[in-house]
Structure formats: structure tokens, C-alpha cells
Amino acid sequence: MKHLLTVSDLSKDAINSIFENAKNHNLKNDSKKIVASFFAEPSTRTRLSFESAAHKLGWSVISASDAEASSSLKKGESLKDTFRTISQYADLIVFRHNDENWINVARNYSRVPVINAGNGAEEHPTQALLDLFTLQTEIGDLTGKNILFTGDLKYGRTVHSLIKLIQNFGCIIHLCPTTIKSAFEEISYSLPFGNFKALTVSEAKNILPTIDAIYLTRTQYERSKNTELLSNPFAVSKSYFKLDKKLLDTMKKDSAILHPLPRLEELDEDVDDDPRAAYHERQIRNGLYVRMALMDYIFA
Ligand code: NCD
């Protein structure tokens, strides 16, 4: 048995033989692609769907989940050095981190393609891609269709990417952002989208019967700068759009309900079994296949 427990276990012949193979890259299965899945923020769907997609494609996966605690970031390593390192081990990196600027570091320091699985509150491009795919498969061509976005439009990165992406698809976009009031201040909900009018909750309810697809999102409590909100999210007063069975009954029969998940109080469980609810099965499953197709496309 060839243990390596101390350098004393290595004979000169063994060292020469190992180095010869390393120089020639003369190693078995070296052609198999490897995806590094590096997540420094929580994730269920994005990480597991990418890893599942890689396995389905016959690729291998190396992963750092809870990377803020388990990787050398915890020891103070820079993002630059992190990308320099991972890109020597993998053919593709799937990366999530709360620093919005990491995408520029990746552009400059990764030696292999990188997929953004979330950069802070800014963007989540693959979620947008699977959401667009889901919208098209649920309601067809988006031209002239009315799409309503509700929830945390300020910090919700899925909405930022999806709105950017569908702007060229001819649909009409309506926004109903959650507004939050604490005892001390009103969080200002300026939206990063330019020319959209924000609807109040009652205005959004009024137009609901004309909507072709609704995209709900949760409040991103963890991104708020409001300490009162962070310590007790449910104690502050909020004005937010909540979809329940009663409101659902006012929606078109051929409309679609999407949510990137996780959901909180904005989407009642009574809606889950309605055929228009795409979020638990079709939207999630689409995520797997769209990510497989994207990974394949990157190496085509
Ligand atoms: C979203 C995210 O991480 O931005 N989740 C996801 O990837 N499906 C949405 C969220 O956390 O609210």
C-alpha cells in the first residue's frame, strides 16, 4: 500500500516517476471537464442545479459551499488570489459572493470561464435566463404581454437581471415594489431601472386581471442596511403585494406565476396547486436544463 504520511515515504524513484507524469500531463481521464462550484452565500436551487447539470453532462464537480467560512476567504485571502487558484483546478467556475464587484475581479484574474451565480444585490444572469425560458414556455412570445414584478425590486438581483434581459422582447413591464417603514425611517425604494412607474399595492391588484405573468420575490432582509429590520424583520410595517387564492381568482386562466424562490409571506401556499403556478416544478426543472445547455454552449 502506498501511503503518503510523511516525506520519508517518498523514495527518489517514486519522486522521479511522479514528476515525469506531472510534466507530461500523463494522467488518466484528464479530458473530463471539471466545474468548480464556489458559493460564499446561501443557495439551494442555483448550486444544486449547477452541480446536477454538470453530473448529467458527464462532468465532474468540485465545490466549496459556505465558502465564506470554509474557504481561504475566511483567512483573508483576496478574491483575486481565489480566482487565480480555482482556475488552475477547474475548466469552469460557478461563483456566488455578496461583493458586487467580484465579477470584475473574475474578468481580470480567472484563466477559465466564470458563470455569475449571484453578485450581491446586483445580478443573477442564469436565473434570468431560466426565468425567460419559463416565461416563453408558459405564455409564449412575450411581445405585447403584460408582466408584473412584485416584492423587493431594490435588492432582488433576479429581478434586476430579468428586467434587463426581457427589455428587448417587446413585453410591457409593471413594477410593484415593497415599501418598508420602520419606527425610525422609511427605506427609500428608488429602483435601479430608469423609466418605470412604481405601482402601489392597490394599483397592482387593479391591473391583475390584465396581467399575463406575475413574478413575485421575497424581501431580501439580509441585504437591508436597516438594523431594526435585520433584527426583527416581521415587526416593521410593510406594504407589499401578496398573492393569495382570492387574488388568484382575478387572474387570466392562461397566465403564469413565477417566483425564483425562496418564498416568504408574499406568496400564499394556497396558490401552489393551481395549474398557473410554475415555480415549484416547471421553473425549477427548466433551471436544470437551461444551465446544462449554457455549460454546453460555453465549450461549443
Ligand atoms: C435568488 C437569489 O439567490 O438571488 N434565489 C435563487 O437563486 N433562486 C432569490 C432570493 O434569494 O430571494
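**Exercise 1. Classify Arg285: is Arg285 buried, partly exposed or exposed?**

*Solution.*
Step 1: start with the cut-offs, where buried means under 20% relative accessible area, exposed means over 50%, and partly exposed is in between (1.4 Å probe, protein chains only).
Step 2: Arg285 comes out at 48% relative accessibility, so Arg285 counts as partly exposed.
Step 3: place Arg285 in the fold, in helix α11 (residues 282-298). Helices (H or I, at least four residues) and strands (E, at least two) are DSSP runs, numbered from the N terminus.
Step 4: check a contact across the chain. Arg285 and Thr134 are 151 residues apart along the chain, and their C-alpha atoms are separated by 9.6 Å.

A quick word on the ground rules. You're looking at a predicted model, in which local features need pLDDT of at least 70 and side-chain atom pairs count only at pLDDT 80 or more, while totals for chains, interfaces and linings use all residues. Residues are numbered from 1 along each chain as its sequence is written, and side-chain values use heavy atoms, with hydrogens and water left out.

**Exercise 2. Describe the largest pocket: what is its volume, and which residues lie nearest its centre?**

*Solution.*
Step 1: set up the search. It runs on a 1 Å grid over the protein atoms alone: a cavity is a set of points where a 1.4 Å probe fits but cannot get out, and a pocket is an open set with protein on both sides within 12 Å along at least five of seven lines; lining residues have an atom within 4 Å of a point. Grid points are joined across faces, edges and corners, and a volume is the space filled by probe spheres set on the points.
Step 2: the largest pocket has a volume of about 440 Å³.
Step 3: its lining has 23 residues, with Arg96, Arg157, Arg218, Leu261 and Pro262 nearest the centre.
Step 4: α2 (45-56) and α7 (157-166) each give at least two residues to that lining.
Step 5: sort the lining by class, with Ala, Val, Leu, Ile, Met, Phe, Trp, Tyr, Cys and Pro as nonpolar, Asp, Glu, Lys and Arg as charged, and the others, Gly among them, as polar. That gives five nonpolar, 10 polar and eight charged residues for the largest pocket.

**Exercise 3. Look at the backbone by the pocket centre: what joins Leu261 and Pro262?**

*Solution.*
Step 1: the link between Leu261 and Pro262 is a cis peptide bond, with omega about 5 degrees.
Step 2: Leu261 sits in the loop between β10 and α11, and Pro262 is also placed in the loop between β10 and α11.
Step 3: Leu261 isn't a glycine, yet its phi is positive, about 65 degrees.
Step 4: Leu261 has a relative accessible area of 12%, so Leu261 is buried.
Step 5: for another non-glycine with positive phi, try Asp66, at about 50 degrees. Asp66 lies in the loop between β2 (60-64) and α3 (67-70).

**Exercise 4. Find the enclosed space: how many cavities of 30 Å³ or more does the structure hold?**

*Solution.*
Step 1: the structure has one cavity of 30 Å³ or more.
Step 2: the largest cavity has a volume of about 40 Å³.
Step 3: its lining residues include Gly151, Arg218, Tyr240 and Glu265.
Step 4: by class, the cavity lining has two nonpolar, four polar and three charged residues.

**Exercise 5. Work through the salt bridges: how many does a search of the whole structure find?**

*Solution.*
Step 1: fix the criterion, a side-chain nitrogen of Lys or Arg within 4 Å of a carboxyl oxygen of Asp or Glu.
Step 2: the whole structure yields 14 salt bridges.
Step 3: take the pair Arg84 and Asp81, whose closest N and O atoms are 2.7 Å apart. Both lie in helix α4 (residues 79-86), three residues apart, about one turn of the helix.
Step 4: now Asp268 and Lys242, which meet in a salt bridge at 3.7 Å, N to O. This pair links distant parts of the chain, 26 residues apart, with Asp268 in the loop between β10 (256-258) and α11, and Lys242 in the loop between β9 (237-239) and α10 (245-248).
Step 5: Asp268 has 21% relative accessibility, so Asp268 is partly exposed. Lys242, at 31%, counts as partly exposed.
Step 6: finish with a network of salt bridges, which links Glu41, Arg157 and Arg223.
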